[in-house]
Amino acid sequence: MLVPVFTLKLNHKIIPRMVTVGKYDGIHPCLTAATQAGKVFIHNPHARSQRFISNRLQQSTQDSDITLLNINQAVSCLTAGVLNPNLDHHTLLVGTQTNLLAYDVHNNTDIFYREVPDGANAMVLGQLGDISSPLAIIGGSCALQGFDHEGNDRFWTVTGDNVRSLALCDFDDDGKNELLVGSEDFDIRVFKEDEIMAEMSETETITALCHMHGSRFGYALANGTVGVYDRTARYWRIKSKNHAMSIHAFDLNSDGVPELITGWSNGKIDARSDRTGEVIFKDNFPTSIAGIVQEDYRMDGQTQLICCSVDGEVRGYLPASLEMKGNLMDTNVEQELIRDLSQRKQNLLLELRNYEENSKVSLSREREGQVGVIPANTQLQTALSVNVGNSTRSPHVELSVSTSNDTIIRAVLIFAEGIFDGESYVVHPSSGNVSGQVQVPIIPPKDVPVDLHIKAFVGYRNSVQFHVFELTRQLPRFSMYALLTASDTPLEPQGYVTFTVSDRIQRVVMWMNQSFLLPGDVECSGAPLKACFTSLRDNGQLSLKICFSLSRQVDEYHSVHQKLTAEMADHSNLVRSLLVRAEDARLMGNMNMKKGYNELYDLNRDLVNGYKIRCNNHAELLQCLRGVNRAMQRAGSLRVGKPKTQVIAACRDAIKNNNVNALFKIIRAGTSSASS
């Protein structure tokens, strides 16, 4: 639990997400925040005599503890910390859409002033990878840039979209920080210096990131979602109708593991367990939260959690003492328990009232010859298909919801993230068009897999109350691509990319069946697989051509051949033992003889079927081996004389040693040691 230990009323409005704290003289912490009209205020209640006033730094007329730093541009990001490792005091860094200012507050001097043509939407300060000095890393329009304490550009790379949030985290537990980047294309990217090492797709713009501990980090989205990742695995997430303005990691129960503190647009502050997302503390401000930081602001040896609202109210919190924590927790547990029991009571009473009403309606309608309650075996069925559209309707993915009998669907509610203009989509057929089937058009804006949480109201035409069916269906990643039929003429692509996949053929085919909405499952065969799709968004065409490597097919056929041979050997031994047992039973007049011969017949039939499969596999293996041999002969035909025989011999040795890479090198260059 947290208890407030101090409150400040600053007479300055604070821009959301523009709050930091810095020790600009190396000793006294100063709360710093961006205000309107291109100014940054610095609250310093500790050393009032140390004031340096100039054109850039001015004394506030409203508060004697505040000085104002004139930026003369709209501030877009703000942070403070150790930029120069040779100095013991912090540097204030202020970013705008055109420049980055590094400012020495204590000495009232500019350290450097650099132009940033891509803008500065987010900023983080700290060590990155193997770079020796701390960097001020800013993210702008599809670019990341890092400056050292002299203003030198020590780091630069590009990312997929406009950057909205940054954080440093030891993502791979190697003792060095990686850069977490949240952008407007809904992706969280992890950079190991200038290389992307991981990428996680979300459902909205990533507005905030913060390091928790180890490889775990918190995130917030523009749609009100907050959660925690551990590397690429999401631990938990929750969604609110309010917006998360700031997130911060703070250990409020002294267990060595920080909790995720979130400040919301409605003024609420809550702390959630990093493991489960359970709320363990909450408080309220009268206005929206602007930022959350932590520091020993009272300089009494205890680090406070400092929360700021947009109207300038500041509260400092400390973990409660053991005695107070026990009282607070006992009181809160009792209140929560009473609240939960009261809610459960109301829900049960409402459910009981609905059952009684439904029973009355059913009895009255049965007397009138009408059916009330739906049959117990009623099922809700769903199907997804691609609709290419027509002159009156644009192309879309069509979700068909239907019942298994003569009941009707009164309404369908779909909850999904990132595909509707809002959190849900409702289809409510008019009374004259109700039936047992409802089609719902879906147009996902991006190629991401989405879980569709479906609720349908099912009953009869004259029903007053309806049964609610709930189920979940996943929308495939590439559902907005329609497979071209045999009658369509695909366009020849102007560009293409070729790459090698190390997975087995069956896994590639399985990926296609799971990622696209196909009329039927694609089957694996030895021939090259080609599929052409048209995009429902812009009518562009996508062609996939999968050619199977002969060497890999040979390996797979060899593996199947060995497995079948082993199974046939086992069956042969079993046939021998069954035959002996059956003959013994016949000679002894045992009535179980017929049962033994039936087992022998079934086993012999399986043996014959296995032999047929083995023959087919052997024929396909021979065909692949002929293809490999033809490739070897063609490689030899490119040489004359002794090199020709050497190439063929080397290819055979590579096949014998099962060295596919050496085989390719020999075919290209004539020897496995030469570079292509």
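The following paragraphs describe two strand arrangements in this predicted model.

The first is an open sheet of four strands, arranged in the order β15-β16-β17-β18 with antiparallel pairing. Its edges are formed by β15 (163-169) and β18 (195-201); each of these has a single partner strand, so one side of each is left without a neighbour in the sheet. On average, and with direction ignored, neighbouring strands of this sheet are turned by 20 degrees against each other.

Within this sheet, strand β16 comprises residues 178-183 and strand β17 comprises residues 187-192. Four bridges connect β16 and β17, and the pairing is antiparallel. One residue pair allows the reader to locate the register: Val181 has Arg189 of β17 as its bridge partner.

The second arrangement centres on strand β32, which spans residues 408-415. Is β32 mostly covered or mostly open? Seven of its eight residues are buried, so the strand is mostly covered, buried here meaning under 20% relative accessible area.

Strand β32 pairs with strand β35 (residues 450-459), to which it is joined by seven bridges in an antiparallel arrangement. Here Ile408 is matched with Gly459 of β35 as its bridge partner. Strand β32 also pairs with strand β33 (residues 424-427), again in the antiparallel sense, through four bridges. In that pairing, Phe415 has Ser424 of β33 as its bridge partner.

When side chains are followed along strands, a general point is useful: in a regular strand they alternate between the two faces of the sheet.

Key: Residues numbered from 1 in each chain as written. Predicted model: local features only at pLDDT ≥ 70, side-chain atom pairs only at ≥ 80, totals over all residues. Heavy atoms only, no water. Buried < 20%, exposed > 50% of the residue type's maximum accessible area, 1.4 Å probe, protein only. Helix = DSSP H or I, 4+ residues; strand = E, 2+ residues; numbered from the N terminus. Pairing = 2+ DSSP bridges. Axes fitted to C-alpha atoms, helices over the stretch in contact; angles between N-to-C directions.
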